[in-house]
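I opened the notebook to go through this chain one look-up at a time. Here is what I pulled up, in the order I got to it.

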Amino acid sequence: MALSPGLQLRQSQSMVMTPQLLQSIRLLQMTGVELERVIEAEMERNPLLERAEAPEDGVEASTAGDVQRESASSIADKLDSSLENLFPDDPGRGDALAPDMAAQWRSSAGAGSAGEDWDIGQSASAPVTLRDHLAEQISFAFTDPQERLIAAELADCLDEAGYLATDLVSLCESLGADLAELKVVLQRCQQFDPPGLFARNLAECLGLQLKARDRLDPAMAALMENLELLGKRDFATLRRLCGVDEEDLVEMLAEIRALDPKPGLAFSGGSAETIIPDVSVKQAPDGTWAIELNAEAMPKVLVNETYFTTVSRNAEKEDRAFLNECLQSANWIARSLDQRARTILKVASEIVRQQDAFLVHGVRHLKPLKLSTVADAIGMHESTVSRVAANKYMMTPRGVFELRYFFTTALGGSEGAEAHSSEAVRDRIRSLIDSETAKSVLSDDAIVEHLAKEGIEIARRTVAKYREGMNIPSSVQRRREKKALARASA
């Protein structure tokens with residue numbers, strides 16, 4: 001049978017993500033800080049975007065049970081577009097929506113332009129880095145140019161924690177220096193402040209600090225040579241190797257705990273970022289939970305259509321095309337930010353409804369919760385809920401928690417009892433171990449039995465996994481440590 005070319009018509013369907021939809025997805029999973037950066041960049045590029053004025057009445061609260069909402073038609077009128085085609089994951093546009101986000105957002109404070117308004121106290125001096133701190137000490141400690149060069153190279157080889165992260169032999173080859181001379185320079189550098197810098201391992205770092213305190217006696221030196229036994233809580237072997245009794249060993253351990261295993265971090269340029277909660281939850285007088293969007297984490301922008309009309313009236317063809325593109329982009333960003341805030345509020349409200357017992361009684365009452373459960377309850381896709389839960393925080397009467405904290409796996413209850421949250425089981429395991437004494441240290445099997453009496457069905461390997469995840473040593477190691485501490489305090 002001969003082959004011949006032919007034409008066929010075939011109809012198929014496929015999902016295509018437009019650039020605007022991709023932008024909305026990215027905005028949804030961004031943190032407040034990342035969102036601010038994106039908006040600032042868009043405002044510099046787009047002349048039609050501007051900050052919304054801060055509402056005088058402040059932030060309006062909404063409750064999980066009864067939320068004042070704004071109709072979809074009014075939002076569409078304000079944005080000159082319909083929302084039905086923008087977010088297919090959010091059905092039920094006829095239902096009530098979240099309250100007007102403009103009442104919940106405020107503009108960021110503008111920078112003063114007058115020179116007399118500038119306060120010198122607000123300007124922080126540049127932090128002293130580890131390299132700058134060592135360069136000053138090197139200039140005083142070494143007068144020979146070659147030794148100073150070697151010391152500077154050693155300082156450049158330090159990692160963030162202050163450890164020497166290079167091989168001395170290879171460093172000698174690159175510098176063309178003698179190994180003996182390099183070791184002499186290294187010994188002098190190890191006397192720099194703070195003690196512990198230029199160490200090549202943890203034992204040497206702690207030893208340098210003990211030497212600076214004049215506490216590196218033979219017993220302590222033997223302990224430094226056997227840190228792996230200390231990690232295993234093998235105190236009997238340590239007493240024999242160090243030649244001390246239990247009381248002396250406990251005092252030595254207390255001295256080691258007071259040392260800094262990473263002295264270089266004191267000069268780290270990085271600083272801890274302050275967590276800005278996206279949502280705050282407070283209990284209303286009637287016992288319900290009031291949920292508020294944080295204005296600082298929810299930026300609001302407006303589209304200056306008046307400026308667009310004025311400029312485009314007499315603009316050239318190319319300029320008019322640019323302005324039309326800016327108007328379309330500005331409208332989409334405004335709609336995306338509005339929908340982002342509404343989605344976060346919906347997810348947070350459902351989480352509060354599901355985890356009401358946790359907010360009232362604590363972590364022991366944290367319920368197992370899946371992303372799909374919240375997604376089905378609010379009529380959105382599971383991936384949308386996952387993006388909302390990532391890097392978003394909720395301020396509650398019990399502290400600030402990431403939204404993902406409330407989504408935990410379920411552990412079955414014994415004899416058909418209600419399932420338990422894995423986070424609640426971890427807290428129960430930690431509580432059982434904290435209440436131990438030297439004579440009643442619980443093994444993993446004993447913990448399983450205790451939990452079974454409370455209606456929690458859990459395997460021994462799961463208890464071991466949770467315990468190791470909380471950095472809690474085994475029962476053998478805990479028994480050794482508690483006996484040593486009990487004898488020392490007797």
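**Entry 1: nonpolar patch.** Before looking, I noted what a patch is here: its residues have over 30% relative accessible area and no salt bridge, and nonpolar side chains are joined within 5 Å. I also noted that this is a predicted model, so that applies to every entry below. With that rule, I275, M395 and V400 come out as a nonpolar patch on the surface. Together they have about 250 Å² of accessible area. I looked up V400 on its own and found it in strand β7, residues 399-402. V400 is partly exposed, since its relative accessible area is 43% and partly exposed covers what lies between 20% and 50%.

**Entry 2: negative patch.** Next I went for charge. Which residues form a negative surface patch? I got D245, E247, D248 and E251. I checked E251 further: it sits in helix α12, which covers residues 246-257. E251 counts as partly exposed because its relative accessibility is 45%.

**Entry 3: salt bridges, the total.** How many salt bridges does a search of the whole structure find? The search gives 17. A reminder to myself: side chains of opposite charge can pair when their charged atoms come close. I then picked a few to look at one by one.

**Entry 4: R200 and E204.** R200 makes a salt bridge with E204, and I read 3.0 Å between the closest N and O atoms. Are the two partners buried or exposed? R200 is partly exposed at 42% relative accessible area. E204 has 18% relative accessibility, so E204 counts as buried, the limit for buried being under 20%.

**Entry 5: R353 and E350.** For the salt bridge between R353 and E350 I have 2.6 Å between the closest N and O atoms. I wanted to know why R353 and E350 are separated by about one helical turn. It is because they are three residues apart in helix α14, residues 317-354. E350 is buried, with a relative accessible area of 7%.

**Entry 6: E423 and R426.** Here the closest N and O atoms of the salt bridge are 3.6 Å apart. E423 and R426 both belong to helix α18, residues 422-434, and sit three residues apart, about one turn of the helix. E423 is partly exposed at 22%, and R426 is partly exposed at 25%.

**Entry 7: a network.** I also found salt bridges that join up: E36, E40 and R51 are linked in a network of them.

**Entry 8: disulfides.** A disulfide is a covalent bond between the sulfur atoms of two cysteines. How many does a search of the whole structure find? Zero. I looked at two cysteines anyway. C189 is buried, given its 0% relative accessibility, and C326 is buried too, with 1%.

**Entry 9: backbone oddities.** Most residues other than glycine have a negative phi, and most peptide bonds are trans. So I went looking for exceptions.

- A cis peptide bond joins D193 and P194, with omega about -5 degrees. P194 lies in the loop between α7 (179-189) and α8.
- D214 is not a glycine, yet its phi is positive, about 60 degrees. I placed D214 in the loop between α8 and α9. D214 is exposed because its relative accessibility is 68%.
- N471 also has a positive phi, near 60 degrees, and is a residue other than glycine. I placed N471 in the loop between α20 (460-469) and α21 (475-489). N471 counts as exposed, its relative accessibility being 70%.

**Entry 10: R213.** Where does R213 lie? R213 is in the loop between α8 (202-212) and α9 (218-224). Its relative accessible area is 49%, so R213 is partly exposed; over 50% would have made it exposed. I also took a C-alpha to C-alpha distance: R213 and P195 are 9.3 Å apart in space and 18 residues apart in sequence.

Notes: Residues are numbered from 1 along each chain as its sequence is written. This is a predicted model: local features need pLDDT of at least 70, side-chain atom pairs count only at pLDDT 80 or more; totals for chains, interfaces and linings use all residues. Side-chain values use heavy atoms; hydrogens and water are left out. Patches are made of residues with over 30% relative accessible area and no salt bridge: like charges are joined within 9 Å, nonpolar side chains (Val, Leu, Ile, Met, Phe, Trp, Tyr) within 5 Å. Accessible areas come from the Shrake-Rupley method with a 1.4 Å probe; for residues, only the protein chains shown count as cover. A salt bridge is a side-chain nitrogen of Lys or Arg within 4 Å of a carboxyl oxygen of Asp or Glu. Lys and Arg count as positive and Asp and Glu as negative; His and the chain ends are not counted. The place of a charge is taken as NZ of Lys, CZ of Arg, CG of Asp or CD of Glu. Helices (H or I, at least four residues) and strands (E, at least two) are DSSP runs, numbered from the N terminus. Buried means under 20% relative accessible area, exposed over 50%, partly exposed in between (1.4 Å probe, protein chains only). A disulfide is a pair of cysteine sulfur atoms within 2.5 Å.
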